[in-house]
Amino acid sequence: MISVQQALQFTKNHTKTTPKTIPLPLSESLGFIIAKDITSPISMPPFRQSAMDGYALGSIDDMTFKLIGEVKAGDEKEILLHKGEAIRIFTGAPVPKTAKAVIMQEKVTVSNITITLQETARLHSNIRPAGEQIEKGDIALSKGTEITPAGIGYLASLGITTITVYQKPTIAIIATGNELVPPGQTLAHGQIYESNSVMLAATLAKSGFTDIVTHKVADDYEATRQLLDQMINTHDVVLISGGISVGDYDFVGKALGALNVKEVFYKVKQKPGKPLYFAKKEDKTIFALPGNPASSLSCFYIYVLPSLLKISGYRNYELSWRTVISDSEYTKKGQRAEFLKAHMENEKVTILDGQASSMLRSFALANAIVYLPEDISKVHVGDTVQVINLP
Ligand SMILES: Nc1nc2c(c(=O)[nH]1)N[C@H]1C(S)=C(S)[C@@H](COP(=O)(O)OP(=O)(O)OC[C@H]3O[C@@H](n4cnc5c(N)ncnc54)[C@H](O)[C@@H]3O)O[C@H]1N2
Ligand code: MOO
(Lines give C-alpha, C1' and ligand atoms only; values in the text may rest on other atoms or scores of the structure.)
(Ligands and ions follow the chains in the order given, each with its own letter.)
Protein backbone atom coordinates (compact mmCIF):
# COMPACT_ATOMS: atom_id res chain seq x y z
CA MET A 1 0.00 0.00 0.00
CA ILE A 2 1.46 3.39 -0.99
CA SER A 3 1.23 6.68 0.94
CA VAL A 4 -0.98 9.63 0.03
CA GLN A 5 2.13 11.60 -1.05
CA GLN A 6 3.25 8.77 -3.34
CA ALA A 7 -0.24 8.44 -4.80
CA LEU A 8 -0.37 12.18 -5.51
CA GLN A 9 3.07 12.04 -7.13
CA PHE A 10 2.23 8.99 -9.28
CA THR A 11 -1.04 10.57 -10.39
CA LYS A 12 0.77 13.77 -11.36
CA ASN A 13 3.62 11.97 -13.15
CA HIS A 14 1.27 9.82 -15.20
CA THR A 15 -1.01 12.67 -16.25
CA LYS A 16 -0.08 14.67 -19.34
CA THR A 17 -1.70 17.77 -20.80
CA THR A 18 -3.72 16.81 -23.86
CA PRO A 19 -2.18 17.54 -27.26
CA LYS A 20 -5.74 18.07 -28.58
CA THR A 21 -6.73 21.70 -29.18
CA ILE A 22 -9.96 23.16 -30.56
CA PRO A 23 -11.19 26.52 -31.77
CA LEU A 24 -14.00 27.80 -29.55
CA PRO A 25 -16.32 30.79 -29.74
CA LEU A 26 -15.05 33.26 -27.12
CA SER A 27 -18.46 33.29 -25.43
CA GLU A 28 -18.17 29.52 -24.74
CA SER A 29 -14.56 29.53 -23.56
CA LEU A 30 -14.98 30.25 -19.82
CA GLY A 31 -12.74 27.93 -17.79
CA PHE A 32 -10.79 26.64 -20.80
CA ILE A 33 -7.03 27.08 -21.08
CA ILE A 34 -5.52 28.98 -24.01
CA ALA A 35 -3.49 26.59 -26.19
CA LYS A 36 -1.91 29.17 -28.54
CA ASP A 37 -0.72 32.72 -27.77
CA ILE A 38 -3.43 35.22 -28.72
CA THR A 39 -2.14 38.33 -30.52
CA SER A 40 -4.17 41.50 -30.53
CA PRO A 41 -5.68 42.45 -33.91
CA ILE A 42 -5.96 46.11 -32.81
CA SER A 43 -4.33 48.62 -30.50
CA MET A 44 -6.39 49.32 -27.39
CA PRO A 45 -7.60 51.95 -27.07
CA PRO A 46 -7.68 52.18 -30.87
CA PHE A 47 -7.47 56.01 -30.75
CA ARG A 48 -6.51 58.77 -28.26
CA GLN A 49 -9.42 58.71 -25.88
CA SER A 50 -10.83 61.15 -23.35
CA ALA A 51 -10.92 59.72 -19.81
CA MET A 52 -13.30 62.44 -18.52
CA ASP A 53 -16.33 64.51 -19.34
CA GLY A 54 -14.87 68.00 -19.78
CA TYR A 55 -12.94 70.09 -22.28
CA ALA A 56 -10.06 69.30 -24.66
CA LEU A 57 -7.60 72.19 -24.72
CA GLY A 58 -5.47 73.50 -27.60
CA SER A 59 -2.80 74.74 -25.16
CA ILE A 60 -1.78 74.26 -21.53
CA ASP A 61 -0.26 77.65 -20.78
CA ASP A 62 -3.60 79.50 -20.93
CA MET A 63 -6.38 79.81 -18.35
CA THR A 64 -9.16 81.10 -20.63
CA PHE A 65 -10.29 79.30 -23.78
CA LYS A 66 -12.76 79.90 -26.56
CA LEU A 67 -15.16 77.01 -27.16
CA ILE A 68 -15.16 76.04 -30.85
CA GLY A 69 -17.09 72.75 -30.94
CA GLU A 70 -17.92 69.40 -29.38
CA VAL A 71 -16.88 65.73 -29.75
CA LYS A 72 -18.86 62.93 -28.12
CA ALA A 73 -18.18 59.18 -27.84
CA GLY A 74 -18.56 57.54 -31.24
CA ASP A 75 -17.97 60.77 -33.25
CA GLU A 76 -15.60 60.45 -36.19
CA LYS A 77 -14.91 64.14 -36.78
CA GLU A 78 -11.43 65.60 -36.25
CA ILE A 79 -11.39 69.22 -35.03
CA LEU A 80 -8.27 71.36 -35.40
CA LEU A 81 -7.49 73.10 -32.10
CA HIS A 82 -5.26 76.17 -31.87
CA LYS A 83 -3.75 77.88 -28.85
CA GLY A 84 -6.47 79.32 -26.61
CA GLU A 85 -9.18 77.13 -28.15
CA ALA A 86 -11.12 74.31 -26.49
CA ILE A 87 -13.90 71.88 -27.36
CA ARG A 88 -16.50 70.20 -25.19
CA ILE A 89 -15.59 66.49 -24.94
CA PHE A 90 -17.03 63.40 -23.22
CA THR A 91 -15.59 60.22 -21.68
CA GLY A 92 -14.60 57.74 -24.39
CA ALA A 93 -14.65 60.31 -27.20
CA PRO A 94 -11.70 60.62 -29.61
CA VAL A 95 -9.40 63.45 -28.55
CA PRO A 96 -8.31 65.72 -31.44
CA LYS A 97 -4.66 65.23 -32.48
CA THR A 98 -3.99 68.90 -31.72
CA ALA A 99 -5.37 68.76 -28.14
CA LYS A 100 -2.73 69.14 -25.42
CA ALA A 101 -4.88 68.03 -22.45
CA VAL A 102 -8.40 67.32 -21.27
CA ILE A 103 -9.66 69.06 -18.15
CA MET A 104 -12.64 67.69 -16.23
CA GLN A 105 -15.70 69.91 -16.19
CA GLU A 106 -15.65 70.26 -12.39
CA LYS A 107 -12.41 72.29 -12.73
CA VAL A 108 -13.87 74.79 -15.21
CA THR A 109 -16.17 77.85 -15.11
CA VAL A 110 -18.26 78.26 -18.26
CA SER A 111 -19.66 81.54 -19.55
CA ASN A 112 -21.30 81.43 -22.99
CA ILE A 113 -18.53 80.35 -25.37
CA THR A 114 -15.68 81.00 -22.96
CA ILE A 115 -14.30 78.66 -20.32
CA THR A 116 -11.95 79.60 -17.49
CA LEU A 117 -9.83 76.96 -15.76
CA GLN A 118 -9.72 76.87 -11.95
CA GLU A 119 -6.26 75.26 -12.12
CA THR A 120 -3.66 74.85 -14.86
CA ALA A 121 -3.88 71.76 -17.03
CA ARG A 122 -1.00 69.30 -17.22
CA LEU A 123 0.22 68.11 -20.64
CA HIS A 124 -1.72 65.00 -21.81
CA SER A 125 -3.78 64.85 -18.61
CA ASN A 126 -7.01 62.82 -18.80
CA ILE A 127 -6.05 61.47 -22.24
CA ARG A 128 -5.64 57.71 -22.74
CA PRO A 129 -3.00 57.31 -25.47
CA ALA A 130 -3.78 54.93 -28.37
CA GLY A 131 -2.36 51.47 -27.52
CA GLU A 132 -2.00 52.36 -23.82
CA GLN A 133 -3.26 48.89 -22.82
CA ILE A 134 -1.95 46.86 -25.75
CA GLU A 135 -0.46 47.52 -29.20
CA LYS A 136 -1.72 45.76 -32.33
CA GLY A 137 0.26 42.53 -32.87
CA ASP A 138 1.37 42.18 -29.24
CA ILE A 139 0.41 39.09 -27.20
CA ALA A 140 -2.93 39.78 -25.54
CA LEU A 141 -3.00 36.56 -23.47
CA SER A 142 -0.44 33.78 -23.64
CA LYS A 143 -0.71 30.03 -23.95
CA GLY A 144 -1.53 28.41 -20.59
CA THR A 145 -3.76 31.23 -19.33
CA GLU A 146 -7.16 30.25 -17.93
CA ILE A 147 -10.08 32.09 -19.51
CA THR A 148 -11.91 34.01 -16.78
CA PRO A 149 -14.94 36.31 -17.16
CA ALA A 150 -12.50 39.25 -17.24
CA GLY A 151 -10.47 37.43 -19.91
CA ILE A 152 -13.59 37.05 -22.04
CA GLY A 153 -14.34 40.76 -21.64
CA TYR A 154 -10.74 41.73 -22.44
CA LEU A 155 -10.54 39.60 -25.60
CA ALA A 156 -13.98 40.81 -26.72
CA SER A 157 -12.72 44.40 -26.28
CA LEU A 158 -10.02 43.54 -28.82
CA GLY A 159 -12.64 42.29 -31.28
CA ILE A 160 -11.70 38.61 -30.88
CA THR A 161 -14.52 36.11 -31.43
CA THR A 162 -12.76 32.70 -31.55
CA ILE A 163 -9.80 31.32 -29.60
CA THR A 164 -7.81 28.06 -29.57
CA VAL A 165 -8.03 26.13 -26.30
CA TYR A 166 -7.05 22.73 -24.95
CA GLN A 167 -9.87 20.25 -25.38
CA LYS A 168 -11.39 19.12 -22.10
CA PRO A 169 -11.40 15.34 -21.65
CA THR A 170 -14.46 13.28 -22.46
CA ILE A 171 -15.44 11.31 -19.38
CA ALA A 172 -17.34 8.07 -18.80
CA ILE A 173 -18.74 7.35 -15.34
CA ILE A 174 -19.54 3.72 -14.56
CA ALA A 175 -21.45 2.74 -11.41
CA THR A 176 -21.11 -0.94 -10.50
CA GLY A 177 -23.29 -2.98 -8.17
CA ASN A 178 -26.30 -5.34 -8.22
CA GLU A 179 -27.80 -3.52 -5.25
CA LEU A 180 -28.14 -0.18 -7.01
CA VAL A 181 -31.47 1.18 -8.27
CA PRO A 182 -32.18 4.64 -9.69
CA PRO A 183 -33.78 7.15 -7.31
CA GLY A 184 -37.51 7.30 -8.00
CA GLN A 185 -38.08 3.54 -7.87
CA THR A 186 -39.23 1.58 -4.82
CA LEU A 187 -36.42 -0.18 -2.95
CA ALA A 188 -36.62 -3.93 -2.43
CA HIS A 189 -34.89 -5.36 0.64
CA GLY A 190 -31.11 -5.26 0.10
CA GLN A 191 -31.25 -2.51 -2.50
CA ILE A 192 -30.01 1.08 -2.20
CA TYR A 193 -30.31 4.10 -4.42
CA GLU A 194 -27.50 4.69 -6.88
CA SER A 195 -26.07 8.09 -5.93
CA ASN A 196 -22.41 8.13 -6.96
CA SER A 197 -22.94 8.75 -10.67
CA VAL A 198 -25.11 11.85 -10.26
CA MET A 199 -22.78 13.11 -7.54
CA LEU A 200 -19.69 12.68 -9.72
CA ALA A 201 -21.46 14.19 -12.74
CA ALA A 202 -22.45 17.19 -10.60
CA THR A 203 -18.96 17.80 -9.27
CA LEU A 204 -17.53 17.39 -12.78
CA ALA A 205 -20.01 19.91 -14.16
CA LYS A 206 -19.20 22.34 -11.36
CA SER A 207 -15.54 22.25 -12.41
CA GLY A 208 -16.42 22.73 -16.08
CA PHE A 209 -16.35 19.13 -17.34
CA THR A 210 -19.59 18.52 -19.18
CA ASP A 211 -18.77 15.94 -21.86
CA ILE A 212 -19.91 13.04 -19.69
CA VAL A 213 -21.75 9.74 -20.19
CA THR A 214 -23.01 7.60 -17.32
CA HIS A 215 -23.51 3.82 -17.31
CA LYS A 216 -24.52 1.26 -14.74
CA VAL A 217 -23.29 -2.32 -14.71
CA ALA A 218 -24.20 -5.31 -12.55
CA ASP A 219 -21.61 -7.28 -10.56
CA ASP A 220 -20.88 -9.53 -13.53
CA TYR A 221 -17.34 -10.06 -14.81
CA GLU A 222 -18.14 -10.29 -18.53
CA ALA A 223 -20.55 -7.35 -18.55
CA THR A 224 -18.03 -5.26 -16.59
CA ARG A 225 -15.15 -6.17 -18.92
CA GLN A 226 -17.18 -5.38 -22.04
CA LEU A 227 -18.46 -2.03 -20.78
CA LEU A 228 -15.01 -0.96 -19.56
CA ASP A 229 -13.47 -1.95 -22.91
CA GLN A 230 -16.03 0.11 -24.79
CA MET A 231 -15.73 3.15 -22.48
CA ILE A 232 -11.91 3.15 -22.48
CA ASN A 233 -11.95 3.03 -26.30
CA THR A 234 -14.37 5.93 -26.64
CA HIS A 235 -13.45 8.31 -23.79
CA ASP A 236 -10.35 10.10 -22.51
CA VAL A 237 -11.07 9.40 -18.84
CA VAL A 238 -13.04 6.55 -17.25
CA LEU A 239 -14.26 6.89 -13.65
CA ILE A 240 -15.57 3.67 -12.14
CA SER A 241 -17.35 3.60 -8.81
CA GLY A 242 -17.38 0.44 -6.71
CA GLY A 243 -16.31 -3.14 -7.30
CA ILE A 244 -12.62 -2.41 -6.72
CA SER A 245 -12.20 -4.05 -3.31
CA VAL A 246 -11.48 -7.69 -2.54
CA GLY A 247 -14.98 -9.20 -2.44
CA ASP A 248 -15.93 -12.17 -4.62
CA TYR A 249 -18.18 -9.88 -6.68
CA ASP A 250 -15.68 -7.02 -7.10
CA PHE A 251 -14.78 -7.50 -10.77
CA VAL A 252 -13.35 -4.12 -11.76
CA GLY A 253 -9.67 -4.88 -11.07
CA LYS A 254 -9.83 -8.25 -12.83
CA ALA A 255 -11.66 -6.78 -15.85
CA LEU A 256 -9.18 -3.92 -16.19
CA GLY A 257 -6.31 -6.43 -15.96
CA ALA A 258 -7.84 -8.42 -18.83
CA LEU A 259 -8.03 -5.22 -20.90
CA ASN A 260 -4.26 -4.74 -20.55
CA VAL A 261 -4.45 -1.40 -18.82
CA LYS A 262 -1.22 -0.38 -17.09
CA GLU A 263 -1.84 -0.26 -13.34
CA VAL A 264 0.00 2.70 -11.78
CA PHE A 265 -1.17 2.04 -8.22
CA TYR A 266 -3.80 0.19 -6.23
CA LYS A 267 -4.51 0.91 -2.56
CA VAL A 268 -3.47 4.02 -0.73
CA LYS A 269 -2.85 4.32 3.01
CA GLN A 270 -5.78 6.69 3.48
CA LYS A 271 -9.26 6.87 4.89
CA PRO A 272 -11.61 7.06 3.15
CA GLY A 273 -10.64 5.62 -0.20
CA LYS A 274 -8.16 2.87 0.63
CA PRO A 275 -8.86 0.69 -2.45
CA LEU A 276 -8.32 3.54 -4.94
CA TYR A 277 -6.97 2.26 -8.26
CA PHE A 278 -5.27 4.34 -10.97
CA ALA A 279 -4.29 3.07 -14.39
CA LYS A 280 -3.34 4.24 -17.88
CA LYS A 281 -3.96 2.71 -21.29
CA GLU A 282 -1.90 4.72 -23.80
CA ASP A 283 -3.28 8.26 -23.41
CA LYS A 284 -6.42 7.10 -21.57
CA THR A 285 -6.78 7.64 -17.83
CA ILE A 286 -8.68 5.25 -15.59
CA PHE A 287 -9.63 5.78 -11.95
CA ALA A 288 -11.52 3.06 -10.07
CA LEU A 289 -13.01 4.87 -7.07
CA PRO A 290 -14.07 2.88 -4.01
CA GLY A 291 -17.86 2.51 -4.02
CA ASN A 292 -18.53 3.93 -0.57
CA PRO A 293 -20.00 7.33 -1.50
CA ALA A 294 -17.72 9.48 0.66
CA SER A 295 -14.70 7.48 -0.53
CA SER A 296 -15.63 8.10 -4.17
CA LEU A 297 -16.07 11.83 -3.69
CA SER A 298 -13.01 12.27 -1.50
CA CYS A 299 -10.83 10.46 -4.07
CA PHE A 300 -12.39 12.60 -6.76
CA TYR A 301 -11.35 15.85 -5.07
CA ILE A 302 -7.88 14.69 -4.04
CA TYR A 303 -6.74 12.78 -7.13
CA VAL A 304 -9.19 12.91 -10.04
CA LEU A 305 -9.87 16.65 -10.22
CA PRO A 306 -6.18 17.72 -10.24
CA SER A 307 -5.58 15.11 -12.94
CA LEU A 308 -8.48 16.40 -15.09
CA LEU A 309 -7.23 19.97 -14.67
CA LYS A 310 -3.71 18.97 -15.75
CA ILE A 311 -5.09 17.14 -18.82
CA SER A 312 -7.02 20.32 -19.67
CA GLY A 313 -3.88 22.48 -19.61
CA TYR A 314 -4.20 24.17 -16.20
CA ARG A 315 -0.84 25.33 -14.80
CA ASN A 316 -2.07 25.41 -11.21
CA TYR A 317 -3.81 22.06 -11.18
CA GLU A 318 -2.38 20.84 -7.87
CA LEU A 319 -4.30 20.88 -4.60
CA SER A 320 -3.97 24.15 -2.82
CA TRP A 321 -3.36 23.41 0.86
CA ARG A 322 -3.85 26.00 3.57
CA THR A 323 -2.90 25.85 7.21
CA VAL A 324 -5.74 26.90 9.50
CA ILE A 325 -6.77 26.57 13.13
CA SER A 326 -9.10 23.77 14.14
CA ASP A 327 -11.97 24.51 16.47
CA SER A 328 -12.71 20.78 16.93
CA GLU A 329 -11.15 17.84 18.68
CA TYR A 330 -10.64 14.70 16.67
CA THR A 331 -9.01 11.37 17.43
CA LYS A 332 -7.87 9.14 14.62
CA LYS A 333 -8.47 5.43 15.12
CA GLY A 334 -6.15 3.70 12.67
CA GLN A 335 -2.77 4.25 11.03
CA ARG A 336 -4.00 5.54 7.69
CA ALA A 337 -3.89 9.24 6.75
CA GLU A 338 -7.38 10.73 6.89
CA PHE A 339 -9.36 13.15 4.79
CA LEU A 340 -12.08 14.65 6.99
CA LYS A 341 -15.25 16.42 5.90
CA ALA A 342 -15.07 19.90 7.41
CA HIS A 343 -16.56 23.34 7.42
CA MET A 344 -14.44 26.50 7.18
CA GLU A 345 -15.71 29.77 8.52
CA ASN A 346 -13.80 32.90 9.55
CA GLU A 347 -10.47 31.14 8.95
CA LYS A 348 -11.31 28.38 11.46
CA VAL A 349 -12.21 24.85 10.53
CA THR A 350 -14.73 22.54 12.16
CA ILE A 351 -14.38 18.80 11.66
CA LEU A 352 -17.91 17.54 11.07
CA ASP A 353 -19.63 14.61 12.76
CA GLY A 354 -20.28 11.51 10.63
CA GLN A 355 -16.96 10.72 8.97
CA ALA A 356 -17.73 7.13 7.91
CA SER A 357 -17.06 6.48 4.24
CA SER A 358 -20.63 5.28 3.74
CA MET A 359 -22.04 8.65 4.87
CA LEU A 360 -22.68 11.67 2.71
CA ARG A 361 -24.59 13.87 5.15
CA SER A 362 -21.43 15.49 6.53
CA PHE A 363 -20.05 15.88 3.00
CA ALA A 364 -23.27 17.63 1.98
CA LEU A 365 -22.55 20.27 4.65
CA ALA A 366 -18.79 20.47 4.04
CA ASN A 367 -16.93 23.20 2.22
CA ALA A 368 -13.45 21.90 3.02
CA ILE A 369 -11.42 18.75 3.64
CA VAL A 370 -8.98 18.48 6.53
CA TYR A 371 -5.93 16.28 5.91
CA LEU A 372 -4.44 14.37 8.82
CA PRO A 373 -1.16 12.72 7.79
CA GLU A 374 -0.34 9.20 8.97
CA ASP A 375 1.78 10.47 11.88
CA ILE A 376 -0.88 12.71 13.46
CA SER A 377 -3.29 10.82 15.68
CA LYS A 378 -5.07 13.60 17.52
CA VAL A 379 -6.25 17.12 16.79
CA HIS A 380 -6.89 19.51 19.72
CA VAL A 381 -8.89 22.71 19.62
CA GLY A 382 -6.44 25.46 18.55
CA ASP A 383 -4.08 23.10 16.66
CA THR A 384 -3.22 24.02 13.08
CA VAL A 385 -4.34 21.56 10.41
CA GLN A 386 -3.94 21.32 6.64
CA VAL A 387 -7.08 22.08 4.67
CA ILE A 388 -8.25 22.30 1.08
CA ASN A 389 -11.32 24.28 0.16
CA LEU A 390 -13.83 22.38 -1.94
CA PRO A 391 -14.56 23.88 -5.36
N1 LIG B 1 -12.27 -7.62 3.30
C2 LIG B 1 -12.21 -6.33 2.99
N3 LIG B 1 -13.34 -5.67 2.69
C4 LIG B 1 -13.28 -4.37 2.36
C5 LIG B 1 -12.07 -3.70 2.37
C6 LIG B 1 -10.88 -4.41 2.66
O7 LIG B 1 -9.78 -3.86 2.66
N8 LIG B 1 -11.02 -5.72 2.94
N9 LIG B 1 -12.06 -2.37 2.10
C10 LIG B 1 -13.26 -1.62 2.43
C11 LIG B 1 -13.17 -0.30 1.98
S12 LIG B 1 -12.09 0.69 2.83
C13 LIG B 1 -13.94 0.21 0.99
S14 LIG B 1 -13.89 1.89 0.62
C15 LIG B 1 -14.87 -0.61 0.24
C16 LIG B 1 -14.76 -0.37 -1.25
O17 LIG B 1 -15.38 -1.37 -1.93
P18 LIG B 1 -15.71 -1.35 -3.46
O19 LIG B 1 -14.97 -0.26 -4.13
O20 LIG B 1 -15.53 -2.69 -3.97
O21 LIG B 1 -17.20 -0.88 -3.46
P22 LIG B 1 -18.53 -1.77 -3.35
O23 LIG B 1 -18.23 -2.93 -2.52
O24 LIG B 1 -19.06 -1.94 -4.69
O25 LIG B 1 -19.41 -0.75 -2.55
C26 LIG B 1 -19.09 -0.31 -1.27
C27 LIG B 1 -20.31 0.35 -0.63
O28 LIG B 1 -20.71 1.47 -1.39
C29 LIG B 1 -22.04 1.33 -1.90
N30 LIG B 1 -22.07 1.83 -3.26
C31 LIG B 1 -21.35 1.36 -4.30
N32 LIG B 1 -21.64 2.03 -5.42
C33 LIG B 1 -22.56 2.94 -5.09
C34 LIG B 1 -23.26 3.93 -5.85
N35 LIG B 1 -23.03 4.09 -7.15
N36 LIG B 1 -24.15 4.71 -5.21
C37 LIG B 1 -24.37 4.54 -3.87
N38 LIG B 1 -23.71 3.63 -3.11
C39 LIG B 1 -22.84 2.84 -3.71
C40 LIG B 1 -22.28 -0.15 -1.87
O41 LIG B 1 -23.63 -0.48 -1.83
C42 LIG B 1 -21.52 -0.56 -0.63
O43 LIG B 1 -22.28 -0.32 0.51
O44 LIG B 1 -14.64 -1.97 0.49
C45 LIG B 1 -14.52 -2.28 1.91
N46 LIG B 1 -14.44 -3.69 2.05
O1 MOO C 1 -11.40 3.35 2.15
MO2 MOO C 1 -12.82 2.92 2.74
O3 MOO C 1 -13.30 4.41 2.12
O4 MOO C 1 -12.16 3.36 4.36
O5 MOO C 1 -14.32 2.87 3.47
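Tutor: Let's start with a cut-off: a residue is buried if 20 or more other C-beta atoms, placed from the backbone, lie within 10 Å of its own, exposed if 12 or fewer, and partly exposed in between. This is a predicted model, where local features need pLDDT of at least 70 and side-chain atom pairs count only at pLDDT 80 or more, while totals for chains, interfaces and linings use all residues. Residues are numbered from 1 along each chain as its sequence is written, and chains are lettered from A and ligands numbered from 1 in the order in which they are written.

Student: Which residues of helix H1 are buried?

Tutor: In H1, residues 4-13, they are Val4, Ala7 and Thr11. Helices (H or I, at least four residues) and strands (E, at least two) are DSSP runs, numbered from the N terminus.

Student: What puts these residues on the same side of H1?

Tutor: The buried residues cover an arc of only 60° around the axis, so they share one side of H1. The arc is taken over the directions from the helix axis to the C-beta atoms. Their packing partners are strands S18 (262-266), S19 (270-271), S20 (277-281) and S24 (337-345), together with helix H6.

Student: Why is Leu57 called buried?

Tutor: Leu57 has 27 C-beta neighbours inside 10 Å, so it counts as buried. Leu57 belongs to strand S4, residues 54-57. Leaving aside neighbours within four places in sequence, its contacts include Phe65, Ala86 and Ile103; contact here means C-beta atoms within 7 Å. Thr98 is 41 residues away from Leu57 along the chain, with 8.5 Å between the C-alpha atoms.

Student: Why is Ile113 put in its class, buried or exposed?

Tutor: Ile113 has 10 other C-beta atoms within 10 Å, so it is exposed. Ile113 sits in the loop between strand S8 (108-111) and strand S9 (114-117). Not counting residues up to four places away in sequence, Ile113 touches Lys66 and Leu67. The C-alpha atoms of Ile113 and Phe65 are 8.5 Å apart, across 48 residues of sequence.

Student: How do you know that S13 is mostly covered?

Tutor: For S13, 6 of its 6 residues are buried. Ile171, Ile173 and Ala175 point one way, Ala172, Ile174 and Thr176 the other, and all are buried. In a regular strand the side chains alternate between the two faces of the sheet.

Student: And what makes S17 mostly covered?

Tutor: S17 spans residues 237-241, and 5 of its 5 residues are buried. Val237, Leu239 and Ser241 cover one face, Val238 and Ile240 the other.

Student: Why do we say that S13 and S17 pair?

Tutor: Pairing needs at least two DSSP bridges between the strands. S13 and S17 have 5, in the parallel sense, so they pass that test. Within this pairing, Ile171 has Val237 as its bridge partner, and Ala175 stands opposite Ser241. S17 also pairs in the parallel sense with strand S21 (residues 284-289), over 5 bridges, and there Ser241 stands opposite Leu289. S13 has another parallel partner in strand S16 (residues 212-217), with 6 bridges, where Ala172 faces Val213.

Student: What makes Asn260 stand out in its backbone?

Tutor: Asn260 has a positive phi of about 60° although it is not a glycine. Its place is the loop between helix H5 (252-258) and S18. With 8 C-beta neighbours inside 10 Å, Asn260 counts as exposed. Glu347 also has a positive phi, about 65°, and is not a glycine. Glu347 counts as exposed because it has 8 C-beta neighbours inside 10 Å.

Student: Where are the cis peptide bonds that involve Pro45 and Pro272?

Tutor: One joins Met44 and Pro45, with omega about 0°. The other runs from Lys271 to Pro272, with omega near -5°; Pro272 lies in the loop between S19 and S20.

Student: Which residues surround ligand 2?

Tutor: Among them are Lys271, Pro272, Gly273 and Lys274; being near means a C-beta atom, placed from the backbone, within 6 Å. By class, the shell has 2 nonpolar, 4 polar and 2 charged residues. Ligand 1 has 28 residues around it, with Asn196, Gly242, Ser245, Pro290 and Gly291 coming nearest. S13, helix H3 (196-206) and H6 each supply at least two residues of the ligand 1 shell.

How values were computed. Ala, Val, Leu, Ile, Met, Phe, Trp, Tyr, Cys and Pro count as nonpolar, Asp, Glu, Lys and Arg as charged, and the others, Gly among them, as polar. Two residues are in contact if their C-beta atoms, placed from the backbone, lie within 7 Å.
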